[in-house]
Amino acid sequence: MEQSPQIGERISDKLTPPDERTIRNWIGQEAFKHWNEMRNWIGASYPDVFEPDWIYGGKKRGWSLRYKKTKAFCTLIPAFRQFSVLVVLGGAEREKFEERRYAWSPQLLKFYDEARTYTDGKWLTLAISSADDLHDVMELVSMKRPPLHLS
């Protein structure tokens, strides 16, 4: 008997990257709406900059969709009934974040302060469950790399 997926479980079928239908069914309709909004916003704000790339992180981490030019921009992570975005902030980006410290939402600020700092920066995996969460992430990645087109 196959066990039902647990909340937060990643898509781990190594053979093929997930398609849109698989993503929608896995993360749920509401999270999929945010997923599409984020992808559409990146496409409109950074036209022809990123070629999204599915990467497989092993059975535990599963599939994620990375946006990268020369440096990582952000990574979209589909999980069972969840959607998160990974943003890595290096030293210069952390300085920018601190300069705008009091402009960020209290929840983003708390998350940032509690995140561990590694040699390559702070790795923030932000759950997107509302329009406010999505707005915070869009502001964060806009700080990291200003949009080419304001949308």
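Biologist: Starting in the middle of things: F97 and W104, buried or exposed?
Modeller: Both of them are buried. Keep in mind that this is a predicted model.

Biologist: Okay, noted. How many aromatic pairs are there?
Modeller: The count comes to twelve aromatic pairs. F97 and W104 make one with ring centres 4.8 Å apart and planes at 5°; stacked means planes under 30 degrees apart, so this pair is stacked.

Biologist: And what about F97 and Y112, what kind of pair do they form?
Modeller: F97 and Y112 form a stacked pair as well, at 3.8 Å from centre to centre and with 20° between the planes.

Biologist: Which helices do those two sit in?
Modeller: F97 belongs to helix α4, residues 91-99, while Y112 belongs to helix α5, residues 106-114. The pair therefore ties together parts that are 15 residues apart in sequence.

Biologist: Is Y112 buried or exposed?
Modeller: Y112 is buried, and F97 is too.

Biologist: What lies over the face of Y112?
Modeller: That would be K122, at 4.7 Å from the ring centre. There is also R24, which lies over the face of F32 at 5.8 Å from the ring centre.

Biologist: Which residues form an aromatic cluster?
Modeller: One cluster is made of W35, W54, Y56, W63 and F83.

Biologist: Back to helix α4 for a second. Where does E98 lie, and how accessible is it?
Modeller: E98 is in helix α4. Its relative accessibility is 37%, and partly exposed covers values from 20% to 50%, so E98 counts as partly exposed. The C-alpha atoms of E98 and L109 are 9.7 Å apart, with their positions eleven residues apart along the chain.

Biologist: Let me zoom out. How many helices and strands does the protein have?
Modeller: Six helices and six strands. Going along the sequence, the pattern is α-α-β-α-β-β-β-α-α-β-β-α.

Biologist: Why call it as compact as a globular protein of that length?
Modeller: Because its radius of gyration is 16 Å, close to the 15 Å that the globule rule gives for 151 residues. Along the principal axes, the C-alpha trace spans about 55 × 35 × 30 Å.

Biologist: What share of the residues is buried?
Modeller: Buried residues account for 41% of the 151. I23 in helix α1, residues 20-27, is a residue to look at here. I23 has a relative accessible area of 0%, so it is buried. From I23 to Y56, 33 residues apart along the chain, the C-alpha separation is 15 Å.

Biologist: New topic: pockets. How much space lies in the largest pocket?
Modeller: About 350 Å³.

Biologist: What lines it, and which residues lie nearest its centre?
Modeller: The lining of the largest pocket has 18 residues, with S64, T75, I77, L86 and W123 lying nearest the centre. The elements giving two or more residues to that lining are β2 (63-68), β3, β4 and β6 (121-127).

Biologist: Which element gives the most?
Modeller: β3 does, with five residues in the lining of the largest pocket.

Biologist: How does the lining of the largest pocket break down by class?
Modeller: Nine residues are nonpolar, five are polar and four are charged.

Biologist: Now the backbone. Which residue has a positive phi although it is not a glycine?
Modeller: D48 is one of them, with a phi of about 60°. Most residues other than glycine have a negative phi.

Biologist: Where is the place of D48, and is it buried or exposed?
Modeller: D48 is in the loop between α2 (29-45) and β1 (53-56). With a relative accessible area of 82%, well, exposed starts over 50%, so D48 is exposed.

Biologist: And what is the phi of R81?
Modeller: R81 has a positive phi of about 65°, and it is not a glycine either.

Biologist: Where does R81 lie?
Modeller: In the loop between β3 (72-79) and β4 (82-89). R81 is partly exposed, at a relative accessible area of 41%.

Biologist: Last one: how are the C-alpha atoms of R81 and T70 separated?
Modeller: By 31 Å, for two residues eleven apart along the chain.

Technical notes
Residues are numbered from 1 along each chain as its sequence is written. This is a predicted model: local features need pLDDT of at least 70, side-chain atom pairs count only at pLDDT 80 or more; totals for chains, interfaces and linings use all residues. Side-chain values use heavy atoms; hydrogens and water are left out. Rings of Phe, Tyr and Trp (its six-membered ring) pair if their centres lie within 6.5 Å; planes under 30 degrees apart count as stacked, over 60 as edge-to-face and the rest as tilted. Buried means under 20% relative accessible area, exposed over 50%, partly exposed in between (1.4 Å probe, protein chains only). Helices (H or I, at least four residues) and strands (E, at least two) are DSSP runs, numbered from the N terminus. A charge sits over a ring if NZ of Lys or CZ of Arg is within 6 Å of the ring centre and within 35 degrees of the ring normal. On a 1 Å grid over the protein atoms alone, a cavity is a set of points where a 1.4 Å probe fits but cannot get out, and a pocket is an open set with protein on both sides within 12 Å along at least five of seven lines; lining residues have an atom within 4 Å of a point. Grid points are joined across faces, edges and corners, and a volume is the space filled by probe spheres set on the points. Ala, Val, Leu, Ile, Met, Phe, Trp, Tyr, Cys and Pro count as nonpolar, Asp, Glu, Lys and Arg as charged, and the others, Gly among them, as polar. The radius of gyration is taken over C-alpha atoms; the globule rule is 2.2 Å times the number of residues to the power 0.38.
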